[in-house]
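Reader: I would like to learn how to read a fold from its helices, strands and charged pairs. Please take me through one example.

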Amino acid sequence: PNQVKAANQMFESLKKGDVDLIKLTAEMQSGKTGAILYSIHLYTEWQEEERRNGKYIPNTKFLFIGPSDRQLKDQTYERVQPWGTINPALLGSNIWHMPDLLDASKRGRELKVEMKQHLARGGQIIVIWDEAHIGISKKKTTDSEGNPEEQVLPTFLRSFASLPGMTSNPNVKHIMTTATPFTLDYFEAVCRDYDVDLNIVSIFLEPGEGYTGIIDLLKQGRIKQAFGPFNRKEKKEFLEKMAPFLKKQKLLRGPKYAVVRSTVTYQQAWWEEACALAGVQCSAYNSRLGTIPDFQRKLNEQPEEFEVLLIQRSYKQGKTLCKKYLGLWYENLTKSGRNDADVWQSVGRCLGYYELEYKTDFDIYMNVSQARKAKNYYKSCSMLDIDASIRMATSDTATKRKTKSKVRRVLRWKNTEKDMRNYMISKGVSKSDITLSKCSLNNSFDVAE
């Protein structure tokens, strides 16, 4: 029902034709693609009915674009196939990802010609940006004049005078969908400050019955604070924490997989050593080596014993993973702090509509404060508090925002550190938010603040 509601909202906006961009936000794995497919199915059916009634309706084609990931591209293509109203209207008869749009690509040049010919005949194009937080920002490199270069997709769309917020083509509409639209949020917030009308409709897809999201996991106590962060000189401390932790999890979880996302290169060998000390089997997967598909296949196989699956560096987002044999998910911490989009999207692989026959109870170890931020963000979205959500200090690869806060200090005295900790916990302070500071002359840690 919630997907139908969001689809109807998108359909009504498309039917009115007075909007340049629809921004669909939803929690990870909550059915965004399905809602979009149903909305454009409704739109194509409405167009056909209008034509039967003798009205002129321009021919509409759809450009589906996703991040540079062949498996995700194939996954989306499979979802489109059953829709008889949509599939014949796909531009290029396919789903496209970023490399396809390069000027150097033969397929990209052919797609551009097809789009220009379709628009020249008075046709309409609806661009669907899947995982729209990827490829939307400026590059770090600069052009000959010293200006930051655009990513592939914005450059491609500029050639049709249709880049949301920059140029507008009345015959090209956009649907952007992602669980982490932080760069677009920031752009929208800045435009509001300067009274610039972006002609955006923001829609939030409420999760349906049976969905397990970050808010649910926090309520269930299944999101726990990860250890660290550890710097290069703290290998001993890392092993002293992680080896006993893995050993304990092996006893608690039994024959399950523990997925560990390690984004710090020098710590990958540490994880393997910690596994060896704990007597736990470890298999490593690396996107640059093309072994992530092996990781996904592994998750579908029932393990004979507790095993760590170590994801080195990046992991592509948006894909649906088998959670039946998961016993633990661990997101490493870094000294500089991982951006919100990276962590939310990675943890998002654990979310979704679980099958009743394998209802899971595995824990997720991560930066708990980022989980709480996600809860607040999606609550703002669900209450349609657009201003609050777009101004929240969220971050992704390109956009990092911070909030300024004033500390109100209150002094309390207790006889021991343990008494102080218990007092703070009784007042609702999370254990992970309690830190120790030095105050005595002998440099001991004796105060919880």
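Author: Start with a helix packed on strands. Helix H11 (residues 340-347) lies across S11, S14 and strand S16 (363-366), running at about 175° to S14. This is a predicted model, in which local features need pLDDT of at least 70 and side-chain atom pairs count only at pLDDT 80 or more, while totals for chains, interfaces and linings use all residues. Residues are numbered from 1 along each chain as its sequence is written, and side-chain values use heavy atoms, with hydrogens and water left out.

Reader: How are helices and strands assigned, and how many of each are there in the protein?

Author: They are DSSP runs, numbered from the N terminus: helices are H or I runs of at least four residues, strands E runs of at least two. The protein has 14 helices and 18 strands.

Reader: What does the angle refer to?

Author: Axes are lines fitted to C-alpha atoms, for helices over the stretch in contact, and angles run from 0 to 180 degrees between N-to-C directions. Contact means heavy atoms within 4.5 Å. Helix H9 (residues 268-278) is another case: H9 lies across S11, S12, S13 and S14, at about 175° to S13.

Reader: In which order do the strands of the open sheet lie?

Author: Two strands pair if DSSP finds at least two bridges between them. Here 6 strands form an open sheet in the order S10-S16-S14-S11-S13-S12, with parallel pairing. Strand S10 (223-225) and strand S12 (281-286) are the edge strands, each pairing on one side only. From one strand to the next, the twist averages 20°.

Reader: Which strands pair with S11?

Author: S11 pairs in the parallel sense with strand S13 (residues 307-312) over 6 bridges, and with strand S14 (residues 326-331) over 5 bridges. To find the register, look at Tyr257, which stands opposite Glu307 in S13, and at Val259, whose bridge partner in S14 is Trp329.

Reader: Are the residues of S11 buried or exposed?

Author: Buried means under 20% relative accessible area, exposed over 50%, and partly exposed in between (1.4 Å probe, protein chains only). In S11 (residues 257-262), 6 of the 6 residues are buried. Tyr257, Val259 and Arg261 point one way, and Ala258, Val260 and Ser262 the other way. For the protein as a whole, 49% of the 449 residues count as buried.

Reader: Arg261 is on that list. Which residue is its salt-bridge partner?

Author: A salt bridge is a side-chain nitrogen of Lys or Arg within 4 Å of a carboxyl oxygen of Asp or Glu. Arg261 forms one with Glu331, the closest N and O atoms being 3.9 Å apart. Arg261 lies in strand S11 and Glu331 in strand S14, so the pair ties together parts 70 residues apart in sequence. Both residues are buried.

Reader: How many salt bridges does the structure hold, and where else should I look?

Author: The structure holds 20. One of them joins Asp387 and Arg192, with the closest N and O atoms 3.4 Å apart. Asp387 is in helix H13 (residues 386-390) and Arg192 in helix H6 (residues 182-193), 195 residues apart. Asp387 is partly exposed, with a relative accessible area of 33%, and Arg192 is also partly exposed, at 38%. Both belong to a network of salt bridges that links Lys23, Asp185, Glu188, Arg192, Asp193, Asp387 and Arg391.
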